[in-house]
Amino acid sequence: MTAGSLTFRTATVEDAPVIAALVKSAYRGESSRAGWTTEADYVADERIDAKGVSDKINDPAGVILMAYDKDGVLAACCELLKKSEKLGYFGLFAVDPQRQAGGLGRQVLAAAEAYAKNEMKVAGLEMQVIWLRDELISWYQRRGYNKTSETKPFPYEHLVNGKALRDDLYFTILYKDL
Ligand SMILES: CC(C)(COP(=O)(O)OP(=O)(O)OC[C@H]1O[C@@H](n2cnc3c(N)ncnc32)[C@H](O)[C@@H]1OP(=O)(O)O)[C@@H](O)C(=O)NCCC(=O)NCCS
């Protein structure tokens with residue numbers, strides 16, 4: 001599948017280490033500060049390891065989409081999970097921090113929505129965002145996602161090789177009809 005300047009494919013378990021590295025670089029630590037939005041001030045862990053990514057790839061209800069640029073370099077990834085007949089979940093969304101704010105994220109989200117609608121046949125997508133990330137929530141709202149009244153606890157007990165930097169974290173749930 002090609003959309004905009006990116007070409008997409010679904011991940012296999014062999015891709016798990018490179019996906020885990022991309023996700024960590026975008027969400028956490030100093031490398032993520034090259035991007036315009038990061039969780040580095042809230043959590044100091046690895047976000048997910050290769051085993052966690054493999055588990056998602058092996059889940060028959062889900063896929064991880066990998067987005068390659070025209071030179072064949074991995075630029076972005078995201079996860080889609082069919083939670084029920086009607087509802088899909090979008091997550092693990094990462095654009096290489098050196099290449100953010102150039103429109104790649106918008107392309108990946110649009111391709112994921114098309115995959116969720118046409119391949120998974122779900123009617124809507126939800127996602128979870130740490131409540132403090134106003135700039136990211138606004139970005140999703142500009143793409144048609146709305147805050148729901150639902151929240152989810154932050155997984156303080158299940159962080160990967162690290163710790164949270166605040167004790168008031170939880171997720172806001174956003175939703176969009178496809
Ligand atoms: C969220 C993410 C996937 C978006 O990817 P991207 O390639 O940067 O996205 P785009 O280039 O399509 O869009 C950039 C947007 O940021 C906005 N932006 C740029 N700099 C900004 C800043 N300093 N503050 C607020 N918004 C900013 C731009 O205006 C643009 O929004 P618009 O298209 O509505 O005008 C990417 O930033 C990322 O990987 N972040 C780290 C991981 C993460 O937070 N994932 C999502 C978890 S739910």
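# A tour from Pro60 to the ligand and the sheet

Select Pro60: with a relative accessible area of 83%, this residue is exposed. The model on screen is a predicted one. Pro60 sits in the loop that links α3 to β4 (62–68). Now add Leu81 to the selection and draw a line between the two C-alpha atoms. The line spans 8.9 Å, although Pro60 and Leu81 are separated by 21 residues in sequence.

**A buried aspartate**

Next, go to Asp45, in the loop between β3 (43–44) and α3 (50–58). Is Asp45 buried or exposed? Its relative accessibility is 6%, and the cut-off for buried is under 20%, so Asp45 counts as buried. Show the side chain and look for its polar contacts. The side chain of Asp45 reaches the backbone nitrogen of Arg47 at 3.1 Å. A polar atom of the same Asp45 side chain also lies 3.0 Å from the backbone nitrogen of Val160.

**Asn161**

From Val160, move on to Asn161, which is found in the loop between β8 (146–153) and β9 (163–164). Asn161 is exposed, at a relative accessible area of 63%. Check its backbone angles in the viewer: phi of Asn161 is near 50°, a positive value, and the residue is not a glycine. For context, most residues other than glycine have a negative phi.

**Lys121**

A second residue to check for a positive phi is Lys121, where the angle is about 60° and the residue is again not a glycine. Select the loop between α4 and β7 to find Lys121. How does Lys121 stand, buried or exposed? Lys121 is exposed, with a relative accessible area of 58%.

**The ligand**

Now select the ligand and display the residues around it. There are 22 of them, and the closest are Trp36, Phe93, Gly103, Arg133 and Arg142. Colour this shell by residue class: 11 of its residues are nonpolar, 6 are polar and 5 are charged.

Which elements supply at least two residues each to the shell around the ligand? They are α1 (16–27), β6 (87–95), α4 (104–118) and α5 (134–142). The element that gives the most is α5, with 5 residues.

Turn to the oxygen atoms of the ligand and show these contacts one at a time:

- Arg142: an N or O atom of its side chain is 2.6 Å from a ligand oxygen.
- Gln100: an N or O atom of its side chain is 2.8 Å from a ligand oxygen.
- Ala101: here a backbone N or O atom lies 2.8 Å from a ligand oxygen.

Switch on a surface for the ligand. Taken alone, the ligand exposes 970 Å², and the protein buries 78% of that.

**Strand β6 and its neighbours**

Keep β6 selected, since this strand contributes to the shell around the ligand. Why is β6 described as largely enclosed by the rest of the structure? The reason is that 8 of its 9 residues are buried.

On one side, add β5 (residues 74–82). β5 and β6 run antiparallel and are joined by 6 bridges. To see one position in this pairing, select Lys82, which stands opposite Gly88 in β6. Follow the chain from β5 into β6: the two strands form a hairpin, with 4 residues between them.

Next, add β7 (residues 124–130). What is the sense of the pairing between β6 and β7? The two strands pair in the parallel sense, over 3 bridges. Select Leu87 and look for its bridge partner in β7, which is Gly124. Trace the chain from β6 through α4 to β7: this is a β-α-β crossover, and it is right-handed.

**On to β10**

Continue from β7 to β10 (residues 170–177). These strands pair in the antiparallel sense over 7 bridges. Select Glu126 to see a residue that stands opposite Tyr175 in β10.

The last strand to add is β8, which is joined to β10 by 5 bridges and runs antiparallel to it. Within this pairing, Pro153 stands opposite Tyr170 in β10. With the side chains of a strand displayed, one pattern can be looked for: in a regular strand the side chains alternate between the two faces of the sheet.

Conventions
Residues numbered from 1 in each chain as written. Predicted model: local features only at pLDDT ≥ 70, side-chain atom pairs only at ≥ 80, totals over all residues. Heavy atoms only, no water. Near = heavy atom within 4 Å. Polar contact = N/O pair within 3.5 Å; in protein donor to acceptor, adjacent residues only side chain to side chain. Areas by Shrake-Rupley, 256 points an atom, 1.4 Å probe, with all protein chains shown as cover. Nonpolar A, V, L, I, M, F, W, Y, C, P; charged D, E, K, R; others polar. Buried < 20%, exposed > 50% of the residue type's maximum accessible area, 1.4 Å probe, protein only. Pairing = 2+ DSSP bridges. Right-handed = clockwise from strand over helix to strand, strands pointing away.
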